[in-house]
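Reader: I should like to request a close account of one part of this model, together with the surroundings on which that account depends. Please state the terms of burial before any residue is discussed, and proceed step by step.

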Amino acid sequence: MIYIGNHLSSSKGFLAMGRMAVELGGNTFAFFTRNPRGGAAKKIDKADADALMKFMADNNFGKLVAHAPYTMNVCAAKEDIREFSREMLKDDLERMNYLPGNYYNFHPGSHVKQGVDAAIEMIADAINYAVKEEHNTTILLETMAGKGTEVGRNFEEIRAIIDRVDLKDKIGVCLDTCHVWDGGYDISDIDNVLSIFDEVIGLDRLKAVHLNDSKNILDSHKDRHERIGQGMIGAEVLKKVVTHPLLQGKPFILETPNDDDGYKEEIALIKSWF
Ligand code: FE
Ligand code: FE
Ligand code: ZN
């Protein structure tokens, strides 16, 4: 049993995304909580959210992995962007309460010139500000490729953020295969990478996987996704990841450069590995 799906457009609403996921062969999906390049969020249609939850239960879906907009940077150098980002985080978590029990993935942020230590404090502060006991979503810090001044480029930085979070039962990690590869973790030895993850963060925190091939070589810090099997990681390695005993039951989300037909093929390929 695998939970697999891809990033979908939310323009037609929640239930439409569930139906689209099934049409593509999936049983989970990702979506942006709001315009990825802007800030404004549509009002939540509760009936539509309820309809998706029922549809997911009827179709044995795994957990959804919502994605924060790219404009969010809770450790930005400019205070107004930082403020705006943490309000966005809080608002998104309130909106996620309409889809109880799912995941909300976000990029820890880019520290610009402030240094990683200061950024880690800011990220944890923002999480502690935004996450409330009444929220029913687990937020996931995404492992990053280490492009520019991205925070979360290694497991130690992710761990340092988690250590500073108050409500620890509401925080987890989403491992992006392209990002960790670009970040220097050789996932062709996935057993080793998972054992490092376990040592540094703890495998119980690993909740979801972004399944992507990479256009670039190990340790390149570039972050350019490629279709499964067409990049430098390759299908054999990604197959070992997807079928790894320690990763079963987790949602796998494709963020590969594809149209709908391409995703359909990719999902079928991955299902054929079981
Ligand atoms: Fe991401
Ligand atoms: Fe990702
Ligand atoms: Zn990426």
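Author: A residue is called buried when its relative accessible area is under 20%, exposed when that area is over 50%, and partly exposed in between. The model is predicted, and the values that follow are computed from it.

The cut-offs can be tried out on helix 2, which spans residues 46-58. There Asp50 has a relative accessible area of 37%, which lies between the two limits, so Asp50 is partly exposed. Its salt-bridge partner is Lys46, with the closest N and O atoms 2.8 Å apart. Lys46 is likewise partly exposed, at 47% relative accessibility. The two residues lie 4 residues apart within helix 2, about one turn of the helix. A further salt bridge, 2.8 Å from N to O, is formed by the side chains of Lys54 and Asp58. Because Lys54 and Asp58 are 4 residues apart in helix 2, about one helical turn separates them. Lys54 reaches 54% relative accessible area and is therefore exposed.

With these terms fixed, the account turns to the metal ions. What coordinates the zinc ion (ligand 3)? The donors are His179 through NE2, Asp223 through OD and His225 through NE2, at 2.0 to 2.3 Å. Along the chain these donors follow the spacing H-x43-D-x1-H. Asp223 has a relative accessible area of 16%, and this is under 20%, so Asp223 counts as buried. His225 is buried by the identical criterion, at 18%. The backbone of Asp223 also deserves attention: its phi is positive, about 65°, although Asp223 is not a glycine. Most residues other than glycine have a negative phi. Asp223 is found in the loop between strand 10 and strand 11. Asp219 lies in this loop as well, with a positive phi of about 70° although it too is not a glycine. Asp219, however, is partly exposed, at 45% relative accessibility.

The zinc ion (ligand 3) is separated from the iron ion (ligand 1) by 5.3 Å. That iron ion in turn lies 3.3 Å from the iron ion (ligand 2), and Glu142 bridges the two. The iron ion (ligand 2) is coordinated by Glu142 (OE), Asp176 (OD), His210 (ND1) and Glu255 (OE), at 2.0 to 2.2 Å. How regular or irregular is this site? The angles among its 4 donor atoms run from 83 to 172°, and the site is irregular. For a tetrahedral assignment, all angles would have to lie between 85 and 135 degrees, so a range of 83 to 172° does not meet that condition. The donor residues are spaced E-x33-D-x33-H-x44-E in sequence. His210 belongs to strand 9 and Glu255 to the loop between strand 12 and helix 9, so this pair ties together parts that are 45 residues apart in sequence. His210 and Glu255 are each buried.

The loop between strand 12 and helix 9 also contains Asn258. The side chain of Asn258 makes polar contacts with the side chain of Arg227 at 2.6 Å and with that of Glu266 at 2.9 Å. Leaving aside residues up to four places away in sequence, Asn258 touches Arg227, Tyr263 and Glu266.

Strand 9, which carries His210, is also among the elements that cover the buried residues of helix 7. Helix 5, strand 8 and helix 8 are included in that cover as well. The buried residues of helix 7 are Ile190, Val193, Leu194, Phe197 and Val200. Seen down the helix axis, these residues fall within an arc of 130°, which means that they line one face of helix 7. On the other side, Asp191 and Glu199 are exposed. Gly202, with a positive phi near 105°, follows this helix.

To return to the charged pairs, Arg153 and Glu157 form a salt bridge of 2.7 Å between the closest N and O atoms. Arg153 is partly exposed, at 38%, whereas Glu157 is buried, at 6%. Arg34, Asp91, Asp92 and Arg95 are linked in a network of salt bridges. Over the whole structure, 10 salt bridges are found.

Technical notes. Residues are numbered from 1 along each chain as its sequence is written. Chains are lettered from A and ligands numbered from 1 in the order in which they are written. This is a predicted model: local features need pLDDT of at least 70, side-chain atom pairs count only at pLDDT 80 or more; totals for chains, interfaces and linings use all residues. Side-chain values use heavy atoms; hydrogens and water are left out. Donors are N, O and S atoms within 2.8 Å of the metal (3.2 Å for Na, K and Ca); water is not among the atoms, so sites may look incomplete. Buried means under 20% relative accessible area, exposed over 50%, partly exposed in between (1.4 Å probe, protein chains only). The arc is that of the directions from the helix axis to the C-beta atoms. Contact means heavy atoms within 4.5 Å. A polar contact is a pair of N or O atoms within 3.5 Å; within protein, one must be able to donate a hydrogen and the other to accept it, and residues adjacent in sequence count only if both atoms are side-chain atoms. Four donors count as tetrahedral if all angles lie between 85 and 135 degrees; four count as square planar and six as octahedral if opposite donors are over 155 degrees apart and all others between 65 and 115; anything else is irregular. A salt bridge is a side-chain nitrogen of Lys or Arg within 4 Å of a carboxyl oxygen of Asp or Glu.
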